[in-house]
Amino acid sequence: MIAKYKRTPMPFWLRQTLDYLYVLIGAFLVAIAFNLFLLPNNIASGGVAGVSTITKSLFDWEPSIVQWALNIPLFIAGVVILGKNFGAKSLVGTIILPFYVYLTKDMEPATSDPLLGAIFGGMIVGLGIGIVFRGKASTGGMDLAAQLLHTYTSMPLGVCLIFFDGMIVLTASFVFSLEEGLYAIIGLFITSRTIDFVQVGLNTSKNVMIITNQFEEVRRILLNDIDRGVTIFNGSGGFTDEDRKVIMCVVQQNEFSKATQAVKSIDPNAFVIVMNATEVLGEGFKK
């Protein structure tokens with residue numbers, strides 16, 4: 001058995017400091033992606049940044065000013081209407097992102113290829129937003145508008161987000177071209193996938209459900225040999241109507257083969273269901 005121990009909780013001041021650091025770093029990455037990849041290639045892949053890309057082309061308005069002009073009223077409305085859901089860290093993200101966009105506006109574009117701009121811009125924006133989310137904050141923008149629309153309508157939040165981003169991409173298709181609108185969709189998709197990656201990482205665990213006639217032996221080997229906790233559910237056979245116990249055990253990726261082989265060595269006829277578990281919190285996993 002592996003010795004168990006308790007981790008000392010991180011001091012509150014250190015946790016807060018790290019959260020603000022996440023917000024500052026994440027917002028800077030978003031600004032870099034905007035000025036190096038998205039804006040030079042007219043890729044308006046949703047959000048306030050997408051709006052500022054369109055207004056830059058139509059009216060030559062400074063993108064950072066447009067982002068401030070949209071972000072700050074939206075944040076104030078969010079505080080007034082939704083109250084405690086908006087904190088100081090989100091205010092920092094809302095203000096600092098346009099500031100970073102202004103500071104980096106004279107940087108040379110990284111590419112003039114819109115496909116590369118959509119791919120790498122989307123990746124870096126997703127990385128930056130994912131890091132901001134790690135700091136339990138946001139960078140404002142259309143996320144706030146979507147939450148406000150969700151509050152006053154029966155529309156699901158996801159639909160509200162798609163509505164605003166879709167309107168921006170559709171507008172970009174008319175202002176620029178259909179092709180650039182399609183590039184914007186690519187960038188938006190890559191951003192969302194990258195955010196998911198930053199949130200859950202590569203450490204995919206496995207959730208194993210086991211139905212076996214050798215219940216006690218399987219439970220024992222998972223507890224003692226694999227050194228993983230188990231949860232027992234009471235089930236009933238759909239065909240036989242017999243009462244059965246179902247064992248659930250979450251194992252790390254490198255333990256999966258050992259666990260399933262151990263079960264099969266006890267009961268070759270065991271019924272095993274395996275599912276990915278992308279976020280596991282608790283003892284033996286992430287704290």
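**Group meeting: salt bridges, a pocket and some backbone details**

Good morning. I begin with a set of charged side chains: R15, D19 and K89 are linked in a network of salt bridges. Please keep in mind throughout that the structure shown above is a predicted model. In total, the structure holds six salt bridges. The principle is a familiar one: side chains of opposite charge can pair when their charged atoms come close.

Let me take three individual pairs in turn. The first joins K56 to D60, with 3.0 Å between the closest N and O atoms. How exposed are the two partners? K56 counts as partly exposed, at 30% relative accessibility, while D60 is exposed, with a relative accessible area of 56%.

The second pair is R219 with E216, where the closest N and O atoms are 2.8 Å apart. Both belong to helix α9, which covers residues 215-224, and because they are three residues apart there, about one helical turn separates them. The general background is that an α-helix has 3.6 residues a turn, so residues three or four places apart point the same way. R219 is partly exposed, at 28% relative accessibility, and E216 is also partly exposed, at 43%.

The third pair is R228 with E255, and here the closest N and O atoms lie 2.9 Å apart. R228 sits in the loop between α9 and β2 (231-236), and E255 in the loop between β3 (243-251) and α10 (256-266), so this pair ties together parts that are 27 residues apart in sequence. Are these partners buried or exposed? R228 is buried, with a relative accessible area of 9%, and E255 counts as buried at 18%. The cut-off that matters here is that buried means under 20% relative accessible area.

I return now to D60, since the helix that precedes this residue deserves a description. Helix α2 has 13 residues and reaches 18 Å from its first C-alpha to its last, close to the 18 Å expected at 1.5 Å a residue. Buried residues in α2 include G47, V48, G50 and V51, and also S52, T53, I54 and T55. D60 follows α2 and has a positive phi, near 60 degrees.

That brings me to the backbone. Most residues other than glycine have a negative phi, and most peptide bonds are trans. Which further residues have a positive phi? One is D227, a residue other than glycine whose phi is near 60 degrees. D227 is placed in the loop between α9 and β2, and at 11% relative accessibility D227 counts as buried. Another is D241, which has a positive phi of about 65 degrees although it is not a glycine. D241 is found in the loop between β2 and β3 and is exposed, with a relative accessible area of 59%.

Next, the pocket. Rolling a probe the size of a water molecule over the atoms shows where empty space is left. The largest pocket in this model has a volume of about 860 Å³. Its lining is made up of 40 residues, and those nearest the centre are G47, I129, D143, D165 and L188. G47, as I mentioned, is one of the buried residues of α2.

Where does the lining come from? At least two residues each are supplied by α1 (12-38), α2 (47-59), α3 (63-82), α4 (88-103), α5 (114-134), α6 (142-152), α7 (157-175) and α8 (178-200). The largest share, seven residues, comes from α8. By class, the lining of the largest pocket has 21 nonpolar, 15 polar and four charged residues.

Some of these helices can be set beside the record. An unreviewed UniProt entry lists residues 20-39, 65-82, 87-103, 115-133, 154-176 and 182-202 under "transmembrane region". How do two of these stretches appear in the model? Over residues 20-39 the chain is 95% helix and 0% strand, with the end C-alpha atoms 27 Å apart. Over residues 115-133 the chain is 100% helix and 0% strand, and the end C-alpha atoms are separated by 26 Å.

My last point concerns P109, in the loop between α4 and α5. P109 is partly exposed, at 43% relative accessibility. Its C-alpha atom lies 6.3 Å from that of F37, although the two residues are 72 residues apart along the chain.

Thank you for your attention.

Key:
Residues numbered from 1 in each chain as written. Predicted model: local features only at pLDDT ≥ 70, side-chain atom pairs only at ≥ 80, totals over all residues. Heavy atoms only, no water. UniProt positions renumbered as here; feature names shortened; annotations may be inferred. Helix = DSSP H or I, 4+ residues; strand = E, 2+ residues; numbered from the N terminus. 1 Å grid on protein atoms, 1.4 Å probe; cavity = no way out; pocket = protein on both sides within 12 Å on 5 of 7 lines; lining within 4 Å. Points joined across faces, edges and corners; volume = space filled by probe spheres on them. Nonpolar A, V, L, I, M, F, W, Y, C, P; charged D, E, K, R; others polar. Expected span 1.5 Å × (residues − 1). Buried < 20%, exposed > 50% of the residue type's maximum accessible area, 1.4 Å probe, protein only. Salt bridge = Lys/Arg side-chain N within 4 Å of Asp/Glu carboxyl O.
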